[in-house]
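Work through the exercises below with the structure open beside you. Try each task before you read its solution.

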Amino acid sequence: METQEIAAAARHFAAMARIVGPDPKAMKMRRHAFHLHQSGSTTLSASALLLPRGALAEPPPLLDRICAAHGHAGDVALTAASLVEPFLVAEQRGNPGDEFQPRLVPEARLDVLVEHEELGNTPDGNSGPPRWLSARLLAMVDVPTAADSVLSLLKHDDSFIGRPSWDVGWSLSTINQKQVENYVRSSLNSNRNNASVESMDPLMLAKSATRIAILGISTVNANVIGDQTARRINVSVMQHRGDPLLLVGSPFGLLSPFHFFNSISVGAVANCLPPCSVRHSLLMADIHCLPGMEGAPVFDKNSGLVGLLMNPLRQNGSSIEVQLVITWEAICTGWNNKEREEIGRDPSKLPSEKAEGKTMELRLPDKYGRFVSSKVSKTNQYSISPSSIREAISAVVLVTVGDSSWASGIVLNKRGLVLTNAHLLEPWRFGRSSPLGAQTSFAGEYLNARENKSLQPQQCKFSNEDAFKHEISLFNLGFKREKRISVRLDHAERHVWCNASVVFISKGPLDVALLQMEKVPIELNTIRPEFVCPTAGSSVYVVGHGLFGPRSGLCSSLSCGVVSKVVQVPSTQLSHPSSTVDADDMDIPVMLQTTAAVHPGASGGILVNPHGLMVGIVTSNAKHGGGSTIPHLNFSIPCKSLETIFKYSEIGEPAILEQLDKPNEVLSSVWALAPSSSPFIDNPPEKAKEEKVLEFSKFLSDKQATLKSSTDLKELFKNKIPSKI
């Protein structure tokens, strides 16, 4: 289906929920990125999934039971529980034990905004503006499997200072939260038992983040008679990294629904949790979202319901946000396991076992052992991700150096040769103490002897032959051999760890290095290069281990974007032009700039085209003056500049790599993001900048590194390579 068709179908099941309640002290907006406060009351809003009667072929039994327990015969809307939690009565705030009988404070009011088309057309046949419908809170239900997945992300890197490095919520919400916390501390009359500052316990935070509020509304379209004429919503069966996603949400909706109601955003599945599982409870989504979109329904390329967007995972101390989607499968599975007695109704008044058995008769196990609707399975028997993309993803590995850092790598051949970045092995060359900045301890926390042993070769068959032997040369003499290098491959449903050694670290301007796995698994997927450089505007994917290191257990993540710029230089300016360059081909691509999100840890990952061919290796980000990276402004080395590497991977002749060690002023200036003194630039740089570039190039040519101290080296590179991850 085309994007426009998916959006048109999805809008029938998208809505916006709003709550208005008393807030004389203006404290209800805590952990909310935006609000409207006036005359002693606060208004909050969120997106919602609208479920008219008969929309689902097989609704979760718990949903029917909740409606029956409350005597509700109308439609329902699902949204993020964070919308209504601030307005719960004091005894239920922070204590969701009575999830099926939630009570709002007096004078709190809930409304749901729906498309007018769902209400039926006006007498003249035209659809009118959206309309508010009164709503009531029926239940607040947890999704246990999704909460477990969030908890694994919150706790995978417990920091040294006693608090997690990750939190849940929009980055803009921290401003409101700090204001509220300051107010609480200064107020002598605040009730500490019901303080507005939520517990930072990771378990409570994970549960709160994945809790869903079920709202009851009147029948949206009264003209529908029975289930036969109701619009049906298909359910997506399974998701893979790279699958396209479409979201319908209302960012900042309460500020102006006219402008923001049911806005469309598109993206792709970045990762799936739990890792190495065919049953996913949580998706990491590479999709542009804004505050107010939490609770929004997410759809696949066939307009099948994937799940609900939740509040994002936010890295403390930065503006980095990871969008998370609770899968509909997790919602159904978790809700189907709920005990009836929790609802507090006489079992005789609830749906009978016979009725439930009738529902199960319509459910058939798929090839993964899960039960899906027989009707839904017929409309969703497709594979969204091309096999070529999946093959490229499987060629990306996790590389750890010692117990201090990690990055990504690319498998080049069946002998276990891995391409990565030189700054992973020699960060000092790029003015850094570590390639991951503050995130330098996670690999060491994870790779203790017991954990490493449990992930080692017993789960994978290795070749009986010895690993490919590389000649010892000056290429790898500069690396400190006491640091252990490990490579993790992600095979289907398991991780395989292998030790590796350094083969080559480029001393030239290209940030590349080669590693050799000491034991080579038989099941080894390799990358296929594309030496024809993509043009500006071409779609690309970035695959790497950004943000989350080895302890998370996550496989590589995917992000999508376009090539925004191809930096080219005349072939005469290169000291090692490609052997395939024609005489008339004067422009050689040396840098690719893309809009795909790149985060620390993705260094050494692949830039791949929609056909699954590698077009570059991810190298660096641009940075703000304050030091924070700009995820959507990043740089990669095109495969055209790496032909020497691929030639070496085929024939294994070390002399080939000597070309990469040659200094080149033009390439040095390009990768230092400095003006070039080359004659093909119309506006030559000032003399001082020329001297800096020459100094940088001269240093790269000095393999013996005659600088006296690391302090001198840091000073030299302080302003030379601000782009390195």
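A nonpolar core is a set of buried Ala, Val, Leu, Ile, Met, Phe, Trp, Tyr and Cys residues joined through side-chain atoms within 4.5 Å. Keep in mind that this model is predicted.

**Exercise 1. The cores**

Find which residues have the most contacts inside the largest nonpolar core, and state where the core lies.

Solution.
- Step 1: The largest nonpolar core has 57 residues. Leu-78, Ile-214, Trp-328 and Trp-335 have the most contacts inside it.
- Step 2: Domain 1 and domain 2 both give residues to this core, so it lies between them.
- Step 3: Look around Trp-335. Its contacts include Pro-60, Leu-62, Leu-63, Leu-78 and Ile-214, not counting residues up to four places away in sequence.
- Step 4: Another core, of 40 residues, lies apart from the largest one. Among its residues are Ala-392, Phe-504, Leu-667 and Val-670.

**Exercise 2. A pair of rings**

Classify the aromatic pair Trp-166 and Phe-548, and say which parts of the chain it ties together.

Solution.
- Step 1: The structure holds three aromatic pairs. In the pair of Trp-166 and Phe-548, the ring centres are 4.9 Å apart and the planes are at 20 degrees. Planes under 30 degrees apart count as stacked, so this pair is stacked.
- Step 2: Trp-166 lies in strand E7, and Phe-548 in the loop between strands E24 and E25. The pair therefore ties together parts that are 382 residues apart in sequence.
- Step 3: Check the accessibility. Trp-166 is buried at 2%, and Phe-548 is buried at 3%, because buried means under 20% relative accessible area.

**Exercise 3. Another pair**

Do the same for Phe-531 and Phe-646.

Solution.
- Step 1: The centres are 5.6 Å apart, with 85 degrees between the planes. Planes over 60 degrees apart count as edge-to-face, and this pair is edge-to-face.
- Step 2: Phe-531 lies in the loop between strands E23 and E24, and Phe-646 in helix H14. The pair therefore ties together parts that are 115 residues apart in sequence.
- Step 3: Phe-531 is partly exposed at 27% relative accessible area. Phe-646 is buried at 6%.

**Exercise 4. Cysteines and a charge**

How many disulfides does the structure hold? Where does Arg-18 lie?

Solution.
- Step 1: The structure holds zero disulfides.
- Step 2: Cys-67 is buried, at 11% relative accessible area. Cys-560 is partly exposed, at 25%.
- Step 3: Arg-18 lies over the face of Trp-132, at 3.7 Å from the ring centre.

Conventions:
Residues are numbered from 1 along each chain as its sequence is written. This is a predicted model: local features need pLDDT of at least 70, side-chain atom pairs count only at pLDDT 80 or more; totals for chains, interfaces and linings use all residues. Side-chain values use heavy atoms; hydrogens and water are left out. A disulfide is a pair of cysteine sulfur atoms within 2.5 Å. Buried means under 20% relative accessible area, exposed over 50%, partly exposed in between (1.4 Å probe, protein chains only). Rings of Phe, Tyr and Trp (its six-membered ring) pair if their centres lie within 6.5 Å; planes under 30 degrees apart count as stacked, over 60 as edge-to-face and the rest as tilted. Helices (H or I, at least four residues) and strands (E, at least two) are DSSP runs, numbered from the N terminus. A charge sits over a ring if NZ of Lys or CZ of Arg is within 6 Å of the ring centre and within 35 degrees of the ring normal. Domain bounds come from an automatic or database domain assignment. Contact means heavy atoms within 4.5 Å.
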